[in-house]
Amino acid sequence: MSVLLAGATGLVGSRVLALLPDAIAVVRRPTGRVGELVVDFAALPPLPDADVAICALGTTIRAAGSQAAFRAVDHDAVLAFARAAQAAGVKRFIVVTAVGADAGSSVFYSRVKGEVETALTAMGFARLDLVQPGLIIGPRAERRPVEAFLQAVTPLLGPLLGGGLSRYGSVPAEVIAAAIAVLSNRVVTGRYVHQNRAIRALAASAGH
């Protein structure tokens, strides 16, 4: 199985790469890893053919500096990668978005994520997996004070998030990565949405 992976230096993507070491990492900045493709997502070159493409690109408005800069990564770069992967013959696409993604949302973050999901669905991949975690837990390279606080308290609130609220709970980055690794081998066609409970089940099926 051949894999294209965008966002391979991020919290989730780096863990996906550890589980799928033969994946071709498509990155914005060189890491020195053999075989990686260093690209400008605003002007992507043709990508090599692959069986599946995985997109774990993402930032925050604080890190990006503005809503426009956030959208350039979490919307424009994601869709550019998807289009380039499809042009290269990729039939299966896996993307990390977020719980609450809704193109009609009044919340900017959720609206952008929802618009991405809508656009990817319209592209007509044979299989599309939308991975929608709640709060992602794990050490990040950049400091995110609010997120660090939420990471600390959310596990304590986990038992209180029953029923439908459980999808807003925390999930470790390595669990999401394990779920994605499992999904990379799924070939049944269709559009699938995976939230916290399903993400954990997928990871557990692989022993994580």
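Author: F81 is buried, and so is F93. Both sit in a predicted model, so "buried" here rests on a computed area that is under 20% in relative terms. Ask away!

Reader: How many aromatic pairs does a search of the whole structure find?

Author: The search turns up four aromatic pairs.

Reader: Why is the pair of F70 and Y109 called tilted?

Author: The ring centres of F70 and Y109 are 5.7 Å apart, and their planes meet at 40°. Centres within 6.5 Å make a pair, and an angle that is neither under 30 degrees nor over 60 counts as tilted. The 40° falls in that middle range, so this pair is tilted.

Reader: What makes this pair a link between distant parts of the chain?

Author: F70 belongs to helix 3 (residues 67-87), while Y109 belongs to helix 4 (residues 108-123), and the two are 39 residues apart.

Reader: How do you know that F70 counts as buried?

Author: F70 has a relative accessibility of 0%. The limit for buried is under 20%, so F70 meets it.

Reader: And why is Y109 called partly exposed?

Author: Y109 has a relative accessible area of 36%. That value lies between the 20% and 50% limits, so the label is partly exposed.

Reader: What makes the pair of F81 and F93 tilted?

Author: Here the distance is 5.9 Å centre to centre, with 50° between the planes. Since tilted covers what is neither under 30 degrees nor over 60, the 50° gives that label, and 5.9 Å is within 6.5 Å, so the rings do pair.

Reader: Why does this pair tie together parts of the sequence?

Author: F81 is in helix 3 and F93 is in strand 5 (residues 92-96), so parts 12 residues apart in sequence are tied together.

Reader: Which residues form one aromatic cluster?

Author: The cluster is made of F70, F108 and Y109.

Reader: Let's turn to charges. What makes E115 and R71 a salt bridge?

Author: Their side chains meet at 2.8 Å, N to O. The limit is within 4 Å, so the pair qualifies.

Reader: Why does this pair tie together distant positions in sequence?

Author: E115 lies in helix 4 and R71 in helix 3, so the bridge joins parts 44 residues apart in sequence.

Reader: How do you know that E115 and R71 are partly exposed?

Author: E115 has 24% relative accessibility, and R71 has a relative accessible area of 28%. Each value lies between 20% and 50%, so each residue is partly exposed.

Reader: What about K113 and D74?

Author: Their side chains also meet in a salt bridge, 2.6 Å from N to O. K113 is in helix 4 and D74 in helix 3, so parts 39 residues apart in sequence are tied together. K113 is at 5% relative accessibility and D74 at 2%; both are under 20%, so both count as buried.

Reader: Now helix 7. Which residues of helix 7 are buried?

Author: In helix 7 (residues 196-205), N196, I199, L202 and A203 are buried.

Reader: What puts them on the same side of helix 7?

Author: These residues cover an arc of only 125° around the axis, which means that they share one side of helix 7. On the other side, R197 and S205 are exposed.

Reader: What do the buried residues of helix 7 pack against?

Author: They pack against strand 6 (127-131), strand 8 (170-172), helix 6 and strand 9 (190-194).

Key:
Residues numbered from 1 in each chain as written. Predicted model: local features only at pLDDT ≥ 70, side-chain atom pairs only at ≥ 80, totals over all residues. Heavy atoms only, no water. Phe/Tyr/Trp six-rings, centres within 6.5 Å; stacked < 30°, edge-to-face > 60°. Helix = DSSP H or I, 4+ residues; strand = E, 2+ residues; numbered from the N terminus. Buried < 20%, exposed > 50% of the residue type's maximum accessible area, 1.4 Å probe, protein only. Arc of directions from axis to C-beta. Contact = heavy atoms within 4.5 Å.
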